[in-house]
Amino acid sequence: LSINGREVALGSASSDALCFTAKYNSSTIQLTKIGNPDSITLQTSFDGKSWTPYNVGDVININSGEKVYFKALGYNGSLAISPSDYHKFVTTGEFEASGNVNSLLEEDEYIARTMSLENRQFCYAYLFSGTTLTTAPELPATTLAYGCYAMMFNGCLSLTRAPTLPATTLAGFCYYCMF
């Protein structure tokens, strides 16, 4: 199946979910909650096939070359609702990010690959800010909302490869201080 010019093997062992690969031993990653964002339900996997529920705030320890995948457990409306109410990843050690960031909103890979961010103001605001990512995940949405990527990678001093930005329908402040 080809979506947005990319071949996608739905249901395969190589998940399209957001994936973090540790570059060093004794690395940690966790999703934290700042302020009072909407509740979300996520799941994680170490192989992209077997999934377990994830509790926001749980620290995941992995070593060099190991992967951890995150995706929605069902559907999440947004990871942030304002500049003071959001979820954000916190890391120690460097990580490469890959996969589709929209998998945090929608468990179904096809829907996550083709979804719009319209009406999801601040959706991913601050999500990776200050982390030790060296590469960014895919941001496949072509329709954006007000502030949806605001501050998303701000302070990511290890980032050496930015994501492709395929959006054709933009909204105010959608890329505000993204990097």
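The legends below describe close-up views of a predicted model.

**View 1. The six-stranded open sheet.**
Six strands form an open sheet of mixed pairing, in the order β6-β5-β8-β3-β11-β12. Strands β6 (52-54) and β12 (133-135) stand at the edges, and each has a single partner strand, so one side of each is left without a neighbour in the sheet. From one strand to the next, the twist averages 35°. Strands of a sheet pair through backbone hydrogen bonds, in either a parallel or an antiparallel arrangement.

**View 2. Strand β8 and its partners β5 and β3.**
Strand β8 covers residues 67-72 and runs antiparallel to strand β5 (residues 42-45), to which four bridges join it. Within this pairing, S45 stands opposite Y69 in β8, and Q43 stands opposite K71 in β8. Strand β3 (residues 18-22) also pairs with β8 in the antiparallel sense, again over four bridges. Here L18 is the residue opposite F70 in β8. Strand β8 is mostly covered, with five of its six residues buried.

**View 3. The largest cavity and its lining.**
How many cavities of 30 Å³ or more does a search of the whole structure find? The search finds one. The space in the largest cavity amounts to about 50 Å³. Its lining consists of S15, D16, A17, K71, S103, E106, E107, D108, E109 and A112. Sorted by class, the lining residues comprise six charged, two polar and two nonpolar residues. One of the lining residues, K71, belongs to the β5 and β8 pairing of View 2, where K71 in β8 faces Q43.

**View 4. The four-stranded open sheet.**
A further open sheet contains four strands in the order β7-β4-β10-β9, and its pairing is antiparallel. The edge strands are β7 (60-62) and β9 (80-82), each of which pairs on one side only. The twist in this sheet averages 30° from one strand to the next. Strand β4 (residues 27-34) pairs with the edge strand β7 in the antiparallel sense over three bridges. In this pairing, T28 stands opposite N61 in β7.

**View 5. Two loop residues with positive phi.**
Residue S26 lies in the loop between β3 and β4. Although S26 is not a glycine, its phi is positive, at about 55°. Is S26 buried or exposed? Its relative accessibility is 62%, above the 50% cut-off, and S26 therefore counts as exposed. Residue N119 is found in the loop between α1 (109-114) and β12. N119 likewise has a positive phi without being a glycine, with a value of about 65°. At a relative accessibility of 61%, N119 also counts as exposed.

**View 6. S50 in the loop between β5 and β6.**
Residue S50 lies in the loop that links β5 and β6. Which residues does S50 touch, not counting residues up to four places away in sequence? These are T44 and S45. One of them, S45, is also the residue that stands opposite Y69 in β8. Along the chain, S50 and Y175 are 125 residues apart, and their C-alpha atoms are separated by 34 Å.

**View 7. L165 in the segment after β12.**
Residue L165 is found in the segment that follows β12. L165 is partly exposed, with a relative accessible area of 36%. That value falls between the 20% limit for buried residues and the 50% limit for exposed ones. When neighbours within four places in sequence are left aside, L165 is in contact with L139, Y175 and M178. From L165 to A22 the C-alpha to C-alpha distance is 24 Å, and the two residues are 143 residues apart in sequence.

How values were computed
Residues are numbered from 1 along each chain as its sequence is written. This is a predicted model: local features need pLDDT of at least 70, side-chain atom pairs count only at pLDDT 80 or more; totals for chains, interfaces and linings use all residues. Side-chain values use heavy atoms; hydrogens and water are left out. Two strands pair if DSSP finds at least two bridges between them. Axes are lines fitted to C-alpha atoms, for helices over the stretch in contact, and angles run from 0 to 180 degrees between N-to-C directions. Buried means under 20% relative accessible area, exposed over 50%, partly exposed in between (1.4 Å probe, protein chains only). Contact means heavy atoms within 4.5 Å. On a 1 Å grid over the protein atoms alone, a cavity is a set of points where a 1.4 Å probe fits but cannot get out, and a pocket is an open set with protein on both sides within 12 Å along at least five of seven lines; lining residues have an atom within 4 Å of a point. Grid points are joined across faces, edges and corners, and a volume is the space filled by probe spheres set on the points. Ala, Val, Leu, Ile, Met, Phe, Trp, Tyr, Cys and Pro count as nonpolar, Asp, Glu, Lys and Arg as charged, and the others, Gly among them, as polar.
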